[in-house]
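Thanks for coming, everyone. I have one structure to walk through today, so please look at the screen.

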Amino acid sequence: MARKHLLLPTLIATLVSANSYAAVQSFDARSFAMGGIGASTADYLTAAFHNPALSARYDEEDDIGVLFPSVGAQIDDSEEIIDKTDNFSDIYDQFSAITNPTEQDAQIVIDALEELQSNRANVQANVSLAVAIPNDYVSVNMFIKAYADAFIFADIAEDDLDANKLIENGALTSQALTMGVVIAEMGVSLAKSYQHSHGTFYYGITPKYQQVTTINYVSDIENYEFDDWDDDKYQTEESNVNLDLGFAYHMNNGFAFGLVGKNLIENSYQTSITKGIHGEYVINPSYIASASYNHRLFTLGLDVELNETKGYESIDGTLNAVDAKSDNKQMAGIGVEFNAFDWAQLRAGYQTDLSDNLADQFTAGLGLSPFDTFHIDLSASYASDNELGAVIQTSFTF
């Protein structure tokens, strides 16, 4: 029986249902197209997702901005675990239908399991909204964002790889896991600026409320369906407050620098226990440094995370050891934007994971902004045929 693995639609649907909050990662289309940069290049409308200080970076004609919405998703299935798991279900159904299976019949199942052994895939999705009100007193950016990050792992039992034991037992003990997190948060960025003869200094803070839902879905591998993870019994939910702090300095000659601390209060979250498997998810402080050159016709920038974001700190109870650090991330990106007099923008970038858990990727995107009022932005990433991402975003500035 074929199984349907509706990864991105399911995650995005979950995010839309949770979009009364906001999250840790950012998928805004401009940043996504420019290699993930933003700590010194974000505009006042998307500043809350990158550097709260830049909420105070606006032009005299800017009165209010509305981002509604930004929707993005990214998948890394370079080992094709999704298709392999789907195909395995059919292979095992055929084997189970044989009255007296032979070693040759069992070997077909074993070969399929060996192709799956220790395979994994990662998927991320994001929905965000924002309303920004820049002013001379305290610039305000109110945002709502939800972010999901999950991985699928094939946990294969050694006994299932023995033809005689497979025939004798007639049933498998191998399993597949979906472990992940949906982080929803809402907050407000407050920022001020100080101007002097050589440039402008910006500083800002973001207090925010976070709702963290951990996911621990475990299933027999022959019955695995990704979209079953949203059952309440596989989830735990906790809430906390957190804090972002940011600084930026834009010089009159176009050079700019930024420094951001995100999630300055570290929190850990325990998953439910499913078939003896459980994990601990950690949101730890992360620090980002940025440098850029900003011109009316183009922007060139570089962002580097100075430490790793942890993700799952431990995963216990699996048949095979799972390296919990394999979902750690430490991103660095470089990006460029060419601006046609605020009417159209062409963007490109490159992003790498210094933790070496995600593949390097190229990014690109296009923005259209007639009369500098209505904006639609599209962006995409590419690492391989099975490692892709996309973001679509609309916004209004008045």
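I will go from a helix and the cores to the strands, and then to some single residues.

One caution before the details. This is a predicted model. Please keep that in mind throughout.

Start with helix α3, residues 81-96. How far apart are its end C-alpha atoms? They are 22 Å apart. The helix has 16 residues, and at 1.5 Å a residue the expected span is 22 Å, so the two values agree.

Which residues of α3 are buried? The list is Ile-81, Ile-82, Thr-85, Asp-86, Phe-88, Ser-89, Tyr-92 and Phe-95. Look at the spacing in that list with one rule in mind. An α-helix has 3.6 residues a turn, so residues three or four places apart point the same way. Note also that Thr-85, Asp-86 and Ser-89 are among the buried residues.

Now take Phe-88. Leaving out its sequence neighbours up to four places away, Phe-88 touches Val-109, Ala-112, Leu-113, Leu-116, Leu-172, Ile-221 and Glu-222. Two of those partners come up again in the core.

The largest nonpolar core has 32 residues. Phe-88, Leu-113 and Ile-221 have the most contacts inside it. Who supplies this core? At least two residues come from each of α3, α4 (103-116), β2 (120-133), β3 (139-155), α5 (163-169), β4 (175-196) and β5 (199-220). The largest share is from α4, with 6 residues. Another core lies apart from this one. That core has 20 residues, among them Val-181, Tyr-269, Ile-277 and Ile-315.

On to the strands. Strand β10 covers residues 286-294. In a regular strand the side chains alternate between the two faces of the sheet. Here is how that looks in β10. Ser-286, Ile-288, Ser-290, Ser-292 and Asn-294 point to one face, and they are buried. Tyr-287, Ala-289, Ala-291 and Tyr-293 point to the other face, and they are not buried.

What pairs with β10? One partner is β7, antiparallel, over 8 bridges. In that pairing, Gly-261 stands opposite Tyr-287. Another partner is β11, residues 298-305, also antiparallel, with 7 bridges. There, Ala-291 has Leu-302 as its bridge partner. A hairpin of 3 residues connects β10 to β11.

Next, a small group of strands. An open sheet is formed by 3 strands, in the order β8-β9-β12, with antiparallel pairing. Which strands are at the edges? They are β8 and β12, and each pairs on one side only. Neighbouring strands here are turned by 20 degrees against each other on average, ignoring direction. Between β8 and β9 there are 4 bridges. Asn-267 in this pairing stands opposite Ile-283 of β9.

Right beside that strand is Glu-266, in the loop between β7 (255-262) and β8 (267-270). Is Glu-266 buried or exposed? Glu-266 is partly exposed, because its relative accessible area is 44%. Not counting residues up to four places away, its contacts are Val-282, Ile-283, Asn-284, Pro-285 and Lys-310. Compare Val-304. Glu-266 and Val-304 are 38 residues apart in sequence, and their C-alpha atoms are 20 Å apart.

The loop between β7 and β8 also holds Asn-263. Asn-263 is not a glycine, yet its phi is positive, about 50 degrees. Asn-263 counts as buried because its relative accessible area is 2%.

Asp-342 also has a positive phi, near 65 degrees, and is a residue other than glycine. Asp-342 sits in the loop between β13 and β14 (344-353). Its relative accessible area is 23%, so Asp-342 is partly exposed.

Now Asn-320, in the loop between β12 and β13 (331-340). Why does Asn-320 count as buried? Its relative accessibility is 19%, and the cut-off for buried is under 20%. What does its side chain reach? The side chain reaches the backbone oxygen of Ile-156, at 2.8 Å. Asn-320 touches Asp-155 and Ile-156, again not counting residues up to four places away in sequence.

Last item: a peptide bond to check on your screens. Phe-68 and Pro-69 are joined by a cis peptide bond, with omega about -20 degrees. Pro-69 belongs to strand β1, residues 65-76.

That is my tour. Questions, please.

Conventions: Residues numbered from 1 in each chain as written. Predicted model: local features only at pLDDT ≥ 70, side-chain atom pairs only at ≥ 80, totals over all residues. Heavy atoms only, no water. Buried < 20%, exposed > 50% of the residue type's maximum accessible area, 1.4 Å probe, protein only. Contact = heavy atoms within 4.5 Å. Expected span 1.5 Å × (residues − 1). Core = buried A, V, L, I, M, F, W, Y, C linked by side-chain atoms within 4.5 Å. Pairing = 2+ DSSP bridges. Axes fitted to C-alpha atoms, helices over the stretch in contact; angles between N-to-C directions. Polar contact = N/O pair within 3.5 Å; in protein donor to acceptor, adjacent residues only side chain to side chain.
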